[in-house]
Amino acid sequence: MYTLDPTAAREAENFSSFLSETGKYKGKFIRAEKLVSSNKGTHGIGFTFESDSKQTTRFDIWTMNAQGEHLMGFKTLSAIMACLKLKNLAVGTGPVERYDYDTKQRNTVQAEIFPDLLNKPVGLVLVNTEYEKMREGHKTGETGWRLELVAPFEAATEFTAAEIMDRATQPKKLAAIVATLTDRPLKSKPAQRQQSPARYDDAPPVGHPASGGFSAPDDDIPFANPLRSRAAFLSI
């Protein structure tokens with residue numbers, strides 16, 4: 001009458017609907033919202049990632065400043081695009097979920113999004129990172145933990161973005177990345193810190209993922225022709 005489902009057995013211990021542990025995950029983006037910071041006009045994308053076990057996490061990637069100059073997060077976005085076989089991203093309109101701090105409820109609103117990033121298999125390496133909480137631009141003296149993006153990878157093959165661009169034949173880098181993962185606590189607690197000087201640059205807030213990635217001209221993109229199979233470009 002019943003047959004053991006190993007995946008279901010493991011997921012029975014997932015009491016939380018939120019991802020909270022450092023590790024390698026496969027799933028999809030269910031939110032990719034266009035962001036523009038209100039103070040300096042920095043551009044980015046707000047992601048919500050849903051794992052195959054239906055647990056979620058949110059993170060932002062800041063890609064360029066108000067003058068259109070690339071930030072480090074642009075490399076991270078390029079890596080995600082490579083893993084999803086995307087050459088371009090166009091802005092559209094779609095529903096996103098927002099939390100209303102006054103009513104303590106989640107509401108669905110229409111917002112600018114990047115539809116091509118949504119609901120496609122993708123893998124993420126995430127690390128649990130301690131951070132200082134802020135409210136209205138000021139540190140509260142409290143700390144919390146959140147998952148930050150270390151590297152994306154192609155879910156089906158476990159190739160990293162660099163391996164895809166280099167036309168690698170075997171996925172090797174992901175295992176090395178995962179082997180070095182460890183939680184990232186703050187080096188010193190807020191009470192132990194001296195007051196830091198105010199920042200006046202266009203860098204995104206501390207804690208936003210901005211690591212990894214690559215850049216490459218269009219004629220070096222191995223998936224430039226969407227009809228071209230992996231076998232074809234791996235044989236080159």
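This is a short selection-by-selection tour of the model, from the whole chain to one glutamate in a strand.

**Before you click.** The model is predicted: local features need pLDDT of at least 70, side-chain atom pairs count only at pLDDT 80 or more, and totals for chains, interfaces and linings use all residues. Residues are numbered from 1 along each chain as its sequence is written, and side-chain values use heavy atoms, with hydrogens and water left out.

**Stop 1: the whole chain.** Colour by secondary structure and you will find five helices and seven strands; helices (H or I, at least four residues) and strands (E, at least two) are DSSP runs, numbered from the N terminus. From start to end the order reads α-β-β-β-α-β-β-β-β-α-α-α. Now switch on the surface: about 14,600 Å² is exposed, with 51% of it supplied by carbon and sulfur atoms (Shrake-Rupley method, 1.4 Å probe; for residues, only the protein chains shown count as cover). Of the 236 residues, 36% count as buried, a word that stands for under 20% relative accessible area (1.4 Å probe, protein chains only).

**Stop 2: strand E6.** Select residues 122-135, which make up E6. Of the 14 residues in E6, 10 are buried. Add residues 23-36, strand E1, and you see E1 and E6 paired in the antiparallel sense over five bridges (two strands pair if DSSP finds at least two bridges between them). One place to zoom in is lysine 24, whose bridge partner in E6 is valine 125.

**Stop 3: the hairpin.** Next add residues 138-153, strand E7, which runs antiparallel to E6 and is joined to E6 by 12 bridges. Valine 127, for instance, has glutamate 148 as its bridge partner in E7. Two residues lie between the strands of this hairpin, and in the turn glutamate 136 has a positive phi of about 55°.

**Stop 4: glutamate 130.** Back in E6, pick glutamate 130. Is glutamate 130 buried or exposed? It is buried, because its relative accessible area is 7%.

Show its surroundings next. Leaving aside residues up to four places away in sequence, glutamate 130 touches Thr143, Gly144, Trp145, Arg184, Pro185, Leu186 and Lys189, where contact means heavy atoms within 4.5 Å.

Finish by drawing two distances. The side chain of glutamate 130 makes a polar contact of 3.2 Å with the side chain of threonine 143 (a pair of N or O atoms within 3.5 Å; within protein, one must be able to donate a hydrogen and the other to accept it, and residues adjacent in sequence count only if both atoms are side-chain atoms). On leucine 186, select the backbone nitrogen, which lies 2.9 Å from a polar atom of the glutamate 130 side chain.

Technical notes
Buried means under 20% relative accessible area, exposed over 50%, partly exposed in between (1.4 Å probe, protein chains only).
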